[in-house]
Amino acid sequence: MTMTEALIDLQGISRTYRNGELSTTVLHDLNLQIRQGEFVAIMGASGSGKSTLMHLLGCLDRPTTGRYLLRGQDVASLGRDDLARLRRETFGFIFQSYHLIASASATENVEVPAIYAGLQRLERRERAESLLTGLGLGERLRNKPSQLSGGQQQRVSIARALMNDAQIILADEPTGALDSQSGKDVLALLAQLHSQGKTVIIITHDAEVASHAQRLIEMRDGRILRDSGAVPVAGAPSPDNPENAPSPAAGEHREQAVASTLADAGEAVRMALRALRANVFRTVLTLLGIVIGVASVVVMLAVGNGARQEVIERISSLGTNLLLVRPGAPNTRRSQDGSTNTLMPLDAELAGQLDNVIAAVPEMSGRATLRAGNTDYQTQITATSPALPLARDWPVARGVFLDEEDNRRYAAVTVLGSTVADNLFGAGADPLGEYVLINNVPFQVIGVMAPKGATPWGADQDDVLFVPLNTGSLRLIGQRHLNSITVMIDDLTQAEATQEALRQTLLQAHGGVEDFQIRNMASLLENVADTQNTFTVLLGSIAAISLLVGGIGVMNIMLVNVTERTREIGIRVATGARTRHILQQFIVEALVVSAIGGLLGVAFGLVFAAGLQTLGTAIEFTAGPVLLAFGCAFATGLIFGYMPAHKAANLDPVVALSAD
Ligand code: ADP
Ligand code: MG
C-alpha cells in the first residue's frame, strides 16, 4: 500500500483561530497519513492542539490551510450535506464528556445517528438495543444519562459511535473522565473494535492509555513531535472491511431520502414532543400565549358575527320590501317645527295607486292614556289603515284588524298590541269585546296583534294600540298630517324605479317642494350589515394582535430553547445531522407547540362562546373563524419558529459542542 492510498492524508494542515484582532495558530503545517485498520494514539499535553486536530479529522471543522484527503478525495471540495454524510457514515465520535442528549434515554441517544441515516424505527431500536446489550447495558436501555455512571455513559456514546457502522472511530480522551477500571474497559472495547477491522484514532494525554495503541503520535504546540510510524495492519483487510468503505451510490441515497421524508416528519414530531416534555413549565407558558390568542379570535368572531346576524334578522323582520316615507326634507333629522306637517293622507292614497305598490299604509301617532277597569296605562296610539298587518307582516292573533268600514264610520274600535293587552287586562285574558277608555273616549277592542318583538334599536313594538285613521285623527290625536307612510312594493328588482316614481308623484302633489324623505329598507339593511362587518373586523383585529403576541412568545421560548440546547445541536451535527434536519427539528417543535395551542385555543374559544350564548349573547358559530384562528396559530409557529431554527441550523458544530 502506498502513501497515496492512505485512508486519511493530511498535507500541510494548519488551523488558525481568529477572535477579532487576535489570531492564534493552533496547528502548524501538519503532515500525517493514517491507513485503514490502524490503531493510532495521538498524545500531547493539554493545549497542544489534539482536539482541534480531531475536529478536523472528523470533518466538524475545516483547516485554515493545507489539504485533507479522505480516501483520496479532497474534503475541501465537499458541501455541507456531503460532510454531514461523512460524519454520519464514516466517522464515529467518542468524546471525553460523552456528549449525550440529557432528555433522551440510552437507547434514544444511540439511535440518533441512525435517525439521520434514515433507518426504520424498529430496525433502529433493535440495533441500538443490541449494541447497548453487547456493551453490558442491557439493563439500562431506558435510563437517562443522569441515571448512568460515567463509565456507562461512555459506553452509551461508544454504542452511538458504532450505530451507523462507522469505519473510523475518533475518541477524544475517552477515558479522561472515568475511574481506572471503567477506563480499562473502554480501552479494551476500543482494542476489540480495532481487531474487528475498524480504524481507531484515540487522543490522550496519558502515556499508559496511549500504550494500548499500535502507533503513537506525539504532539507539542500544534506540531508532530514524534511518530512511531505505521505498523503493518494485522491480517489482510477482510471483504467486509474493504479498501474503500461502502458508500452507497448517490442515486440510491436520494431515493432513500424521498422515501424517508414522511418517516422523518413523524420522527421530528416525536422528538419535538420529547423536547417539549423535557421542559413542561416553559411549554405550558408558551402554549398559554397561543391558546389565549386563538381562543380570543374564535370568541370575538363568534360574537361579532352573532351581533351582525341578530341586527340583520331584526331589520329583516321589519320587511325588506318596504319604502318608508317620512316628513321633512331629505337628509334632515325630524324636528318639531312646521316641516313635519307635510305628509298628508292624500299622499298615502297617491302612493297606493302607483305601479308595483301593493299597499301604502299611513301612520299617525300620539301618546294617550288608557283605562280599563281600574288599570291606567300610558302608551302610543297609531292611527292607520287596514293594510298595516299585510305591509308590516304582522298578523292579528285574535279577533280582526280595522277595516275600511271602521274608517269611514269614524268607528271607536281598537286593536291592541300584545304588551298593551297584557298590561291592561292581564296576561292570558281575553279582551275581545271589552271597552278601553282612550283619553276618556270609550273604544271597543276588536282584535289583539301577535307579538312582534323589539326593533333593532330595542324599542318594544308591541307597546302600541291601533285605531282607524279618521277616528284617531279627529277624536284622539287632533291632527291631519301623518307621521309616516309605509309603502309595500311587489317586485323587489323594481324597487329603485318604484322609489323614484313615488318621489315624482309626491313632488307633484307637494307643488315641487321636496319636504319628505323616502328610505329604502333594503339599503338600510346593507348599511347596517356593513357597519356590523366593520365591527367584526375590529374585534378580529384585536384578537389577531393577541395571537401575534402569542407568536412572539413562541419565538422567544424557541430562542431560549436553541441557546439552551446548543450542545445538543452540536451533538446532532457531530453524529451526522444535516442543516436541514436541525432546521426541521426546531421548526417542527414550534409547529407542534402552535398546533397544540391552536387546538386547545379553538376548544376553549368554542366552550367560552357557548357559555356566552347560554348567558344570552348572540353568537354565531361558523367554520371560517375556527379554521382561520387555527391556521393563524400554525402560521405563527412557522414564521416565528423559523428564526430560532435558522439560528440553530447554522451553529458552528465545534462551537456548539463546546457550549455548556
Ligand atoms: P487539546 O485538545 O490538545 O487540549 P485544543 O485543540 O483543545 O487542545 O486547543 C489547542 C489550543 O487552541 C488551546 O490553546 C486553545 O486555547 C486554543 N483554542 C481551541 N479552540 C479555540 C477557539 N475556538 N478559539 C481560539 N482558540 C482556541
Ligand atoms: Mg482536548
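**Exercise 1.** Which residues are buried in helix 2 (residues 80-89)? Find them, then work out what covers them.

*Solution.* Keep in mind that this is a predicted model.
- Step 1: go along helix 2 and pick the residues under 20% relative accessible area. You end up with Leu83, Ala84, Leu86, Arg87 and Arg88.
- Step 2: look at what sits over those buried residues. The cover includes strand 4, strand 6 (91-94) and helix 3 (106-117), along with helix 17 (566-574) and helix 18.

**Exercise 2.** Strand 4 also belongs to a sheet of 4 strands. Lay out the strand order and explain why strand 2 and strand 5 each have one side without a neighbour.

*Solution.*
- Step 1: read across the open sheet, and you get 2-1-4-5, with antiparallel pairing.
- Step 2: check the ends. Strand 2 (22-34) and strand 5 (73-74) are the edge strands with a single partner strand each, so one side of each has no neighbour in the sheet.
- Step 3: see what packs on the sheet. Helix 1 (residues 50-57) does, touching strand 1, strand 2 and strand 4. Its direction makes about 120° with that of strand 1.
- Step 4: zoom in on strand 1 (residues 8-19) and strand 4 (residues 65-70), an antiparallel pair joined by 5 bridges. Here Asp9 has Leu69 of strand 4 opposite.

**Exercise 3.** Track down the nonpolar patch on the surface and say which element gives the largest share.

*Solution.*
- Step 1: list the members, which are Val269, Leu273, Ile596, Leu600 and Phe604; together they have about 390 Å² of accessible area.
- Step 2: assign them to elements. Helix 8 (250-277) and helix 18 (579-614) each give two or more residues.
- Step 3: pick the winner. Helix 18 supplies the largest share, 3 residues, and Phe604 lies in this helix.

Terms used:
Residues numbered from 1 in each chain as written. Chains lettered and ligands numbered in written order. Predicted model: local features only at pLDDT ≥ 70, side-chain atom pairs only at ≥ 80, totals over all residues. Heavy atoms only, no water. Patch = residues over 30% accessible without salt bridge, like charges linked within 9 Å, V, L, I, M, F, W, Y side chains within 5 Å. Areas by Shrake-Rupley, 256 points an atom, 1.4 Å probe, with all protein chains shown as cover. Salt bridge = Lys/Arg side-chain N within 4 Å of Asp/Glu carboxyl O. Pairing = 2+ DSSP bridges. Contact = heavy atoms within 4.5 Å. Axes fitted to C-alpha atoms, helices over the stretch in contact; angles between N-to-C directions. Buried < 20%, exposed > 50% of the residue type's maximum accessible area, 1.4 Å probe, protein only.
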